[in-house]
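Trainee: Please walk me through this one before I go back to the bench.

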Amino acid sequence: MPPRICALCKEARAVMKRPKTGQIVCRACFFWVLEEEVHQTIVSHGLFHPGERVAIAASGGKDSTVLAHMMKTLNERHNYGLELSLLSVDEGISGYRDDSLETVKRNQQQYDLPLKIVSYSELYGWSMDEIVKEVGRKNNCTCTFCGVFRRQALDRGAVMLDVQHIVTGHNADDVAETVLMNVLRGDVARLGRSTDISTANEGDSMVKRSKPFKYTYEKEIVMYAYFKKLDYFSTECTYSPAAYRGHARTFLKDLESIRPSAIIDIIHSGEALTIREDVKMPTLQVCDRCGYMSSGPLCKACVLLEGLNRGLPK
Amino acid sequence: MHFGACGRTLGGRVSEDRKQGVAKARVCGGMELLFDGLTLTKATVQGPQAGGQVEMRHVIAHVKDHLLTERPDLFVSGETVRPGILVLINDSDWEIEGQLDYEVQNGDVIVFISTLHGG
């Protein structure tokens with residue numbers, strides 16, 4: 001079989017098929033087109049302004065490693081004028097996060113960016129390993145603690161870095177999965193904002209969050225990391241069974257294998273949904289105890305902490 | 001075939017027997033766990049007929065039957081890999097190489113990459 005030629009440069013040998021367009025492209029054109037698509041997403045949504053201090057939420061995994069690499073590349077290529085830094089959360093999970101943080105530390109050297117690590121022990125007085133010892137390995141429960149604590153931890157880390165904007169590595173597959181999850185859970189409030197590319201100043205939080213990879217397929221992120229030989233960490237969390245989400249993910253991957261546009265189609269559906277005015281939405285207020293945004297008098301983190309400190313959740 | 005870790009290649013001479021589809025394969029992206037930590041190996045895969053051609057479907061069956069140590073459902077689905085696992089043949093996306101029908105050549109390097117969440 002003769003080698004297939006890149007649909008873009010019409011010269012080099014194609015090495016991959018793009019899931020979004022079906023085009024076959026060579027390595028150099030793939031890097032260029034993927035980077036420029038992300039640039040277009042950034043520009044068309046006006047994600048940044050010159051001089052802005054932006055923290056990249058870095059776990060050491062594929063998405064955030066590619067994000068750090070690409071943010072640095074695009075910031076230099078297109079003169080965004082951003083002051084970039086890496087922000088990591090140490091949940092205190094031995095055999096998982098300690099190893100992935102080593103990857104982040106290498107990324108810090110490789111990309112020459114400042115790094116701030118905030119830990120659950122330091123913020124809450126409990127590491128995830130200690131929480132699991134206390135509440136047992138009931139999986140959903142473990143992930144609830146971790147998820148609630150992480151969101152606040154990133155915001156607090158941003159404040160320590162004096163940064164008002166965090167970018168996360170959520171990709172198109174993640175966004176589509178979240179749309180599905182919110183439908184499956186009947187979580188209308190989250191469904192409404194799950195496709196937003198930026199969530200700015202929700203409640204009392206002064207930290208804006210953006211997803212520059214909102215339209216970037218996971219396959220392309222993994223291929224980019226592989227071809228560029230980026231240094232990333234790829235072990236699943238030792239506590240993560242993610243049962244319900246796992247089903248949504250498998251379903252989505254099955255759909256994608258039949259019709260690759262399914263991912264983007266689900267995102268478009270999510271974007272087009274509007275919530276009827278008479279649907280009751282939770283009202284955001286401020287936590288009495290810690291001042292963080294909350295849907296009740298106490299925020300979820302404070303409720304969970306109270307239980308932990310009293311030894312209730314056994 | 002060679003099967004092994006992302007970035008590292010174990011040494012070893014590739015067999016000269018063209019009829020047996022001797023290739024290298026690597027697993028990465030978290031799939032090492034399904035292979036008892038194995039990242040790169042070399043394997044000789046035979047097709048259904050002795051001396052006949054060896055296709056990617058035979059390679060996947062071989063990996064499943066001889067190399068996988070746990071949870072085959074996380075690697076295969078029917079005769080192909082589970083959706084979400086990327087396959088590269090000599091650093092080229094198998095989707096442009098004919099996927100299951102690709103005829104394995106002596107010395108080919110096959111890479112399986114999981115797209116598991118590493119978040």
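**A residue and its contacts**

Trainee: Which residues does A:G169 touch, not counting residues up to four places away in sequence?

Mentor: A:G169 touches A:D63, A:S64, A:L67 and A:F213. Contact here means C-beta atoms, placed from the backbone, within 7 Å. Keep in mind that this is a predicted model, where local features need pLDDT of at least 70 and side-chain atom pairs count only at pLDDT 80 or more, while totals for chains, interfaces and linings use all residues. Residues are numbered from 1 along each chain as its sequence is written, and chains are lettered from A and ligands numbered from 1 in the order in which they are written.

Trainee: Where does A:G169 lie, and is it buried or exposed?

Mentor: A:G169 lies in the loop between β6 (165–167) and α7 of chain A. Helices (H or I, at least four residues) and strands (E, at least two) are DSSP runs, numbered from the N terminus. A:G169 counts as buried because it has 25 C-beta neighbours inside 10 Å. The scale is 20 or more other C-beta atoms within 10 Å for buried, 12 or fewer for exposed, and partly exposed in between, with C-beta atoms placed from the backbone.

Trainee: Which residues does UniProt list for "binding site"?

Mentor: The UniProt entry, which is unreviewed, lists A:A57, A:A58, A:S59, A:D63, A:V89, A:G169 and A:D174 under that name. Its positions are given in the numbering used here, feature names are shortened, and annotations may be inferred rather than shown by experiment.

Trainee: Take A:A57 from that list. Where is its place?

Mentor: A:A57 is in strand β3 (residues 53–57) of chain A. It counts as buried because it has 23 C-beta neighbours inside 10 Å. Leaving aside neighbours within four places in sequence, A:A57 is in contact with A:S64, A:L87, A:L154, A:I166, A:V167 and A:T168.

Trainee: On to helix packing. At roughly what angle do α2(A) and α9(A) cross?

Mentor: Helix α2 (residues 62–77) of chain A and α9(A) cross at roughly 65°, and their axes come within 10 Å. Axes are lines fitted to C-alpha atoms, for helices over the stretch in contact, and angles run from 0 to 180 degrees between N-to-C directions. α2(A) and α9(A) are therefore roughly perpendicular to each other. The bins are under 35 degrees for roughly parallel, over 145 for roughly antiparallel, 65 to 115 for roughly perpendicular, and oblique for the rest.

Trainee: Which residues meet there?

Mentor: A:K62, A:D63, A:T65 and A:V66 in α2(A) meet A:I221, A:V222, A:Y224 and A:A225 in α9(A). By class, this contact has 5 nonpolar, 1 polar and 2 charged residues. Ala, Val, Leu, Ile, Met, Phe, Trp, Tyr, Cys and Pro count as nonpolar, Asp, Glu, Lys and Arg as charged, and the others, Gly among them, as polar.

Trainee: And how do the axes of α7(A) and α11(A) cross?

Mentor: Helix α7 (residues 172–185) and helix α11 (residues 262–272), both of chain A, cross at roughly 50°, with axes that come within 9 Å. That angle makes α7(A) oblique to α11(A). The contact is made by A:A172, A:D173, A:V175, A:A176, A:V179 and A:L180 of α7(A) together with A:I263, A:I264, A:I266, A:I267 and A:G270 of α11(A). Those residues divide into 9 nonpolar, 1 polar and 1 charged.

Trainee: Now the two chains. How many residues are in contact?

Mentor: 23 residues of chain A are in contact with 17 residues of chain B. On the chain A side, β1 (16–17), α9 (218–227) and α10 (243–258) each supply at least two residues. The largest share, 5 residues, comes from α9(A). The chain A side divides into 9 nonpolar, 5 polar and 9 charged residues.

Trainee: What elements are there in chain B?

Mentor: Chain B has 1 helix and 8 strands, which run β-β-β-α-β-β-β-β-β from the N terminus on. Buried residues make up 45% of its 119 residues.

Trainee: Last topic: phi. Which way does it usually go?

Mentor: Most residues other than glycine have a negative phi. A:D162 has a positive phi of about 60° although it is not a glycine. A:D162 sits in the loop between α6 (139–161) and β6 of chain A, and it counts as exposed because it has 10 C-beta neighbours inside 10 Å.

Trainee: What about B:D91?

Mentor: B:D91 is not a glycine either, and has a positive phi of about 60°. Its place is in the loop between β6 (85–89) and β7 (92–93) of chain B. B:D91 is exposed, with 12 other C-beta atoms within 10 Å.

Definitions and conventions
Two residues are in contact if their C-beta atoms, placed from the backbone, lie within 7 Å.
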